[in-house]
Amino acid sequence: MTEQASPASRIDARIGELADWRGEMLARVRELIHRADPGVIESVKWAKPTNPAGVPTWEHGGVICTGEVYKAYVKLTFAHGAALPDPDRLFNASLTGGTRRAIDLREGDALDGEAFVALIREAVAFNLAKEQARKR
């Protein structure tokens, strides 16, 4: 893949190269993010020799979440998760941090799509409110 490849095509490639439940989960999460926020911007950050594919990242007014892929799970880290309401208790990792929260998804886990869409919308609203406050 060239350095000129778009973030979307790089994420497509990452999903394709996984070719297992992790790729399916990342593709599903991506679809839900786009459903929640059609204006979302995809990027790939933190590419390095040990992780040349980088980390899929979704942004709108700031980082919404990242989608890291590990051997046993897919980790969705919300940049400002600690500030977001989570009535459906989707967050199950990084619960003691002051800023971030994460959702670790393992093979066979079911993700409540509607609750996830609502969480994404909360994250976008948080980012946009923060952006507005900076402009004042």
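Modeller: Two strands are said to pair if DSSP finds at least two bridges between them. The model before you is a predicted one. In it, five strands form an open sheet in the order β1-β2-β3-β4-β5, with antiparallel pairing.

Colleague: What makes β1 and β5 edge strands?

Modeller: Each of the two, β1 (41–45) and β5 (101–106), pairs on one side only. On average, neighbouring strands of the sheet are turned by 20° against each other, direction ignored.

Colleague: How do you know that β3 and β4 pair?

Modeller: Strands β3 (residues 63–69) and β4 (residues 73–78) share five bridges in the antiparallel sense, and the rule asks for at least two, so the two strands count as a pair. Cys-65 has Phe-78 as its bridge partner in β4, and Glu-68 stands opposite Lys-75. Three residues lie between β3 and β4, which form a hairpin.

Colleague: How many bridges join β4 to β5?

Modeller: Six bridges join these antiparallel strands. Across them, Leu-76 has Ile-103 as its bridge partner, and Phe-78 stands opposite Arg-101.

Colleague: Why is β4 described as largely enclosed?

Modeller: A residue is buried if its relative accessible area is under 20%. Six of the six residues of β4 are buried, and therefore the strand is largely enclosed by the rest of the structure. In a regular strand the side chains alternate between the two faces of the sheet. In β4, Tyr-73, Lys-75 and Thr-77 are buried on one side, and Val-74, Leu-76 and Phe-78 are buried on the other. Strand β5 is mostly covered, with five of its six residues buried.

Colleague: Which strands does helix α2 touch?

Modeller: Helix α2 (residues 21–36) packs on the sheet and touches β1, β2 (55–59), β3, β4 and β5, its direction making about 30° with that of β4. Among its buried residues are Trp-21, Met-25, Leu-26, Val-29, Leu-32, Ile-33 and Ala-36. An α-helix has 3.6 residues a turn, so residues three or four places apart point the same way. A further helix, α3 (residues 113–135), lies across β3, β4 and β5 and runs at about 130° to β3.

Colleague: How do you know that the length of α2 agrees with the expected span?

Modeller: The expected span is 1.5 Å times one less than the number of residues. For the 16 residues of α2 this gives 22 Å; the end C-alpha atoms are 22 Å apart, so the two values agree.

Colleague: What makes Asp-20 a cap of α2?

Modeller: A side-chain oxygen of Asp-20 lies 2.9 Å from the backbone nitrogen of Arg-22, at the N-terminal end of the helix. The cut-off for a polar contact is 3.5 Å, and the distance is within it, so the contact counts.

Colleague: Why is the pair of Phe-78 and Phe-91 given the name it has, and what is that name?

Modeller: The count comes to three aromatic pairs. For Phe-78 and Phe-91, the ring centres are 5.3 Å apart and the planes stand at 80°; centres within 6.5 Å make a pair and planes over 60 degrees apart make it edge-to-face, so that is its name. The pair links distant parts of the chain, since Phe-78 is in strand β4 and Phe-91 is in the loop between β4 and β5, 13 residues apart. Both Phe-78 and Phe-91 are buried. Together with Phe-116 they form one aromatic cluster.

Colleague: Is Thr-57 buried or exposed, and how do you know?

Modeller: Thr-57, in strand β2, has a relative accessible area of 0%; the limit is under 20%, so Thr-57 is buried. A polar atom of its side chain lies 3.0 Å from the backbone oxygen of Val-55. Beyond its neighbours within four places in sequence, Thr-57 is in contact with residues including Ile-41, Trp-46, Val-63 and Cys-65.

Colleague: Why does Ala-79 count as it does, buried or exposed?

Modeller: Ala-79 is in the loop between β4 and β5. Its relative accessibility is 19%, and the limit is under 20%, so Ala-79 counts as buried. Leaving out residues up to four places away in sequence, Ala-79 touches Val-63, Ile-64, Thr-99 and Arg-100. Its C-alpha atom is separated by 8.8 Å from that of Ala-102, which is 23 residues apart from Ala-79 along the chain.

How values were computed
Residues are numbered from 1 along each chain as its sequence is written. This is a predicted model: local features need pLDDT of at least 70, side-chain atom pairs count only at pLDDT 80 or more; totals for chains, interfaces and linings use all residues. Side-chain values use heavy atoms; hydrogens and water are left out. Helices (H or I, at least four residues) and strands (E, at least two) are DSSP runs, numbered from the N terminus. Axes are lines fitted to C-alpha atoms, for helices over the stretch in contact, and angles run from 0 to 180 degrees between N-to-C directions. Contact means heavy atoms within 4.5 Å. Buried means under 20% relative accessible area, exposed over 50%, partly exposed in between (1.4 Å probe, protein chains only). A polar contact is a pair of N or O atoms within 3.5 Å; within protein, one must be able to donate a hydrogen and the other to accept it, and residues adjacent in sequence count only if both atoms are side-chain atoms. Rings of Phe, Tyr and Trp (its six-membered ring) pair if their centres lie within 6.5 Å; planes under 30 degrees apart count as stacked, over 60 as edge-to-face and the rest as tilted.
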